[in-house]
Amino acid sequence: MEERELRALVGQVKAGTLSRRRFVRMMVGLGLTAPMAAQMLAAAGVAQAQPKWTVNPTKRGGGGLVKALWWQAPTLLNPHFANGTKDQDACRIFYEPLASYDPDGNVVPVLAAETPSVQNGGVAKDGLSVTWKLKKNVVWHDGKPFTADDVVFNWEYVMDPGTAAVTIGPYRDIVRIDKLDSHTVKIAFKSPAPFWAAPFCGAANGVIIPKHLFQAFKGDKSREAPTNLKPVGTGPYKFVDFKPGDIVRGEINPSYHVANRPFFDQVEMKGGGDAIGAARAVIQTGEYDYAWNMQVEDEILKRLEQGGKGHADIVSGGNIEHIQVNTTDPWTEVDGERSSAKTKHPTLSDPAVRQALNLLVDRGSVQEEIYGRTGIATANFVNAPSRFVSKNTKWEFSVDKANSILEAAGWKRGGDGVRAKDGKKLKFVYQTSINNPRQKTQQIVKQACAKAGIELELKAVTANIFFSSDPANPDTYSHFYTDLQMYTTTMTQPDPQRFMDQFTSWEVSAKDNKFALTNKTRWRNEEYDKTWKAAETEMDPVKRAALFIKMNDLVIQNVVVIPVVFRPRVAAISNRLRDAVQSGWDSDFWALAYWSKA
Amino acid sequence: MYKYFLRRTLILIPVLFGISAVLFTILVMAPGDPFEELATNPNVPPEVRMNLRAKFGLDDPLPVRYARWVASMMRGDWGFSFVSRVNVDTLILQRLPTTLVVLGSAQLLAILVAIPIGTYSALRPYSIFDQIATTLAFIGFSLPTFFTGLLFILLLSIHLDWLPFIYRSDISGTGWRWYWEHIRQAIMPVAVLGLAQAASMTRFMRAAVLDVIRLDYVNTARAKGLSEGVTLVKHVVRNALIPVVTLVAIQIPTIFGGAIVTEQIFRVPGIGSLLITSILANDTPVVMAVTFIFSILVLVSSLAADMLYAWLDPRISYR
């Protein structure tokens, strides 16, 4: 996908021959994010669609209690300490960001009066600053007005290293925030920021806390703030009660800044238990109205849905189950570490072997037999299809092709049926975490590989250890001391720049950095590095999209990873609940103020 | 007697130290990191995690960490949770009432079921009633609570739709409705725990009554013309209860163990479910505090059992 073709598509949307939603889907199919796609359209002057709600009440309240069930319970209510989505969601009931991302990736103003753009002068042409106009007459739950000072304070609060805020990511790129007047702030960036809607936007990083209650608790004292447990925000619900690890309750905010919202008088978010139980409580018995993150086999979901009280809502997000192919040698120790960047994998360094492996992963069967609606076969970690028509996938499963590729490259079958060349056998160790669908996937891949003369040894590690960050444990995914490994990587943030870090040469995970960096495959490619750097400062969204697609191509062509299934976000929603749409790019509660019940 | 009590209490102190040292070492050496999620989130720079680890003292060597823990425990400071950053004592106090209510009612239910059934079985050994009671008791203690819990949910909540299967600690409403809702949601967890307890207790009660009922003083009581009821209550059951009471005391820690599982199944927000989530999140201070409380409970209840025994049966004396 070249820049020229992308421009043509944007033109089609502008002319009205291609629907906005379809364009966004295509871009997501290319490994881009919906917010990026929306940005491309905005830059071309295509008017942004406002989210539409099916119910538009004429008065506030009257809806009673809405009950949500999170099978992992929220544990804290300070958004700047909230790393897990469960905590971010709980915070989002009370706190709000300047803007949220809707399912199509649009930046929807919440505490901002309007979305900044180049056209309205909000976004500087050089990308060095963005100006946000704040909504007037917004008050905190304690009656104090919300002003530009609060926005500036949040940046200072997060940047103080003593605070140890997990939201720091996008704020590090800010050089200065000017308060232009009581309700206008200008954010200046260190270098051109193509994705300016990262700080102060979305539930994961952007939620704003009140200055007057937190200014005494910045830095090292951050833990002691009483407001950490009793949030005072601007959101549709006021805080009532919180028991960490159990329940959060809120009641209607009578002075909420959106007219006639919210509909429900109280909200309750109960946590704990397991995903299947949660699905049952919403879909089968109707005890609850909404449940998050249904990691439940599709077969079970379908059976529960027959009861008719609720359904599974499936939207695309950024999670991909993929297999990583090691580029270094995991079986030789150099300077006290295996999989050292100084080594080269003896057999996987042959492109033919990688190509063959790619052909041997039967994504179709994995989807059909294991994941169903909750895992869609994909070639697209990052893969660009050569033509747009096949808008998503172009993966192939062919044992014959794999065989002929290997044969042509000189890998001959030995007496045991395993191929070898120069005395080196095609025997690999394939690891993943213990999780039933993953073990089934391993089996499917193993069987196909056996037919092509590749022997796989399967290894399954307890999830607690596999995903731990312990630098002393050789079985973690970040050590990657095997030939192949499989897990789901999540791209929760709406801009892919940080996500694509994981293939740059300066991010190679190694002993020196306690295996904390993101490049687990240890793949290094100069062209990729250059493209990544170019994208970092490229202000034209279309050009930037083309750069990301190029990065995607590089990773897929070199078979650095083999995407398996794309895992959409699944929520269980009561059939009576209206407008509880998931965003895919933001918290499940991004539109909580607009929820209603039939 | 008092000397004995004092001695046993003093022994508790080194024992608790030993237990805490072992627990702490195991917890610290176990794989996992409370800030693991930060490591897998590409949006959070690794410095944040390093910073948090340093701030919460996770990078210090084991003896230093243990000494710090003991020192703050001495001052009555239980530390704070790495995950919710709330003080551990607050977290536990928040959840203790729920656990006590559920466990207390379960225990009460067990006693109410076990004593009459056990006694009656012993009065008519090998009758049809006894056979049925024995069979049910065996089924009761061979089924683990996590299994009976799921069975109850499937039958009573899903199939019949009578009871809610998610326990809520805050129920709105006042007066009768409030009590009713609480009772309704507590039925299943209490029944699961209580019946499991009742099963073994029934067997115990039956054996104890069988032992007592053959004794001479029971015959004497009957011979001097006491009614069957008075004989039974005043002379048989009362004496048969002595071993049962100690059994109840000794079993308290076991009940807490069962509660951990039951709380998880029914989402009862007690300290058992707190323990499980904290273990999964590698939240060392909370795990440490809860397991420590459990071990204190074990020690204290075994001490209490010994003391009770002496008090109930004057023939036994400690020196």
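Here are some exercises with worked solutions on the predicted two-chain model above.

This is a predicted model, in which local features need pLDDT of at least 70 and side-chain atom pairs count only at pLDDT 80 or more, while totals for chains, interfaces and linings use all residues. Residues are numbered from 1 along each chain as its sequence is written, chains are lettered from A and ligands numbered from 1 in the order in which they are written, and side-chain values use heavy atoms, with hydrogens and water left out.

**Exercise 1. Backbone geometry in chain A**

Task: find where the cis peptide bond from Arg261(A) to Pro262(A) sits, and place Phe200(A) and Phe480(A) by their phi values and burial.

Solution:
- Step 1. Start with omega: it is near -10° for the bond from Arg261(A) to Pro262(A), which is cis. Pro262(A) belongs to the loop between β8 (247-252) and β9 (266-271). Helices (H or I, at least four residues) and strands (E, at least two) are DSSP runs, numbered from the N terminus.
- Step 2. Turn to phi. Phe200(A) is not a glycine, yet its phi is positive, near 65°. Its loop runs between β6 (184-189) and α6 (202-205).
- Step 3. Phe480(A), also not a glycine, has a positive phi of about 50°, and lies in the loop between α14 (463-466) and β18 (484-490).
- Step 4. Check burial, where buried means under 20% relative accessible area, exposed over 50%, and partly exposed in between (1.4 Å probe, protein chains only). Phe200(A) counts as buried because its relative accessibility is 0%. Phe480(A) is likewise buried, at 0%.

**Exercise 2. Salt bridges in chain A**

Task: say which parts of the chain are joined by the salt bridge of Asp289(A) and Lys597(A), then trace the network that includes Arg373(A).

Solution:
- Step 1. Set the criterion: a salt bridge is a side-chain nitrogen of Lys or Arg within 4 Å of a carboxyl oxygen of Asp or Glu. Over all chains, the structure holds 28 of them.
- Step 2. Asp289(A) and Lys597(A) meet at 3.1 Å, N to O. This pair links distant parts of the chain, 308 residues apart: Asp289(A) is in the loop between α8 (275-284) and β10 (290-291), and Lys597(A) is in strand β21 (residues 596-597).
- Step 3. Compare the accessibility classes: Asp289(A) is buried at 6%, whereas Lys597(A) is partly exposed at 24%.
- Step 4. Next, Arg373(A) pairs with Glu305(A), with the closest N and O atoms 3.3 Å apart. The two are 68 residues apart, with Arg373(A) in the loop between α11 (363-371) and β12 (376-377) and Glu305(A) in helix α9 (residues 298-305). Arg373(A) is partly exposed, at 27%.
- Step 5. Widen the view: Asp298(A), Lys302(A), Glu305(A) and Arg373(A) are linked in a network of salt bridges.

**Exercise 3. Chain B**

Task: describe the secondary structure and extent of chain B, then examine its salt bridge between Asp59(B) and Arg53(B).

Solution:
- Step 1. Count the elements: chain B has twelve helices and zero strands.
- Step 2. For extent, the C-alpha trace spans about 85 × 60 × 35 Å along its principal axes. Of the 319 residues in chain B, 46% are buried.
- Step 3. In the salt bridge of Asp59(B) with Arg53(B), the closest N and O atoms are 2.9 Å apart. Asp59(B) is partly exposed at 46%, while Arg53(B) is buried at 18%.

**Exercise 4. The largest cavity**

Task: work out what lines the largest cavity, by residue, element and class.

Solution:
- Step 1. Fix the terms. On a 1 Å grid over the protein atoms alone, a cavity is a set of points where a 1.4 Å probe fits but cannot get out, and lining residues have an atom within 4 Å of a point. Grid points are joined across faces, edges and corners, and a volume is the space filled by probe spheres set on the points.
- Step 2. The whole structure has four cavities of 30 Å³ or more, and the largest holds about 100 Å³. Its lining has 14 residues, of which Gly245(A), Gly271(A), Gly272(A), Arg267(B) and Ser273(B) are the closest to the centre.
- Step 3. By element, β9 of chain A and α10 (228-266) and α11 (271-280) of chain B each supply at least two lining residues.
- Step 4. By class, the lining has two nonpolar, seven polar and five charged residues. Here Ala, Val, Leu, Ile, Met, Phe, Trp, Tyr, Cys and Pro count as nonpolar, Asp, Glu, Lys and Arg as charged, and the others, Gly among them, as polar.

Note on methods. On a 1 Å grid over the protein atoms alone, a cavity is a set of points where a 1.4 Å probe fits but cannot get out, and a pocket is an open set with protein on both sides within 12 Å along at least five of seven lines; lining residues have an atom within 4 Å of a point.
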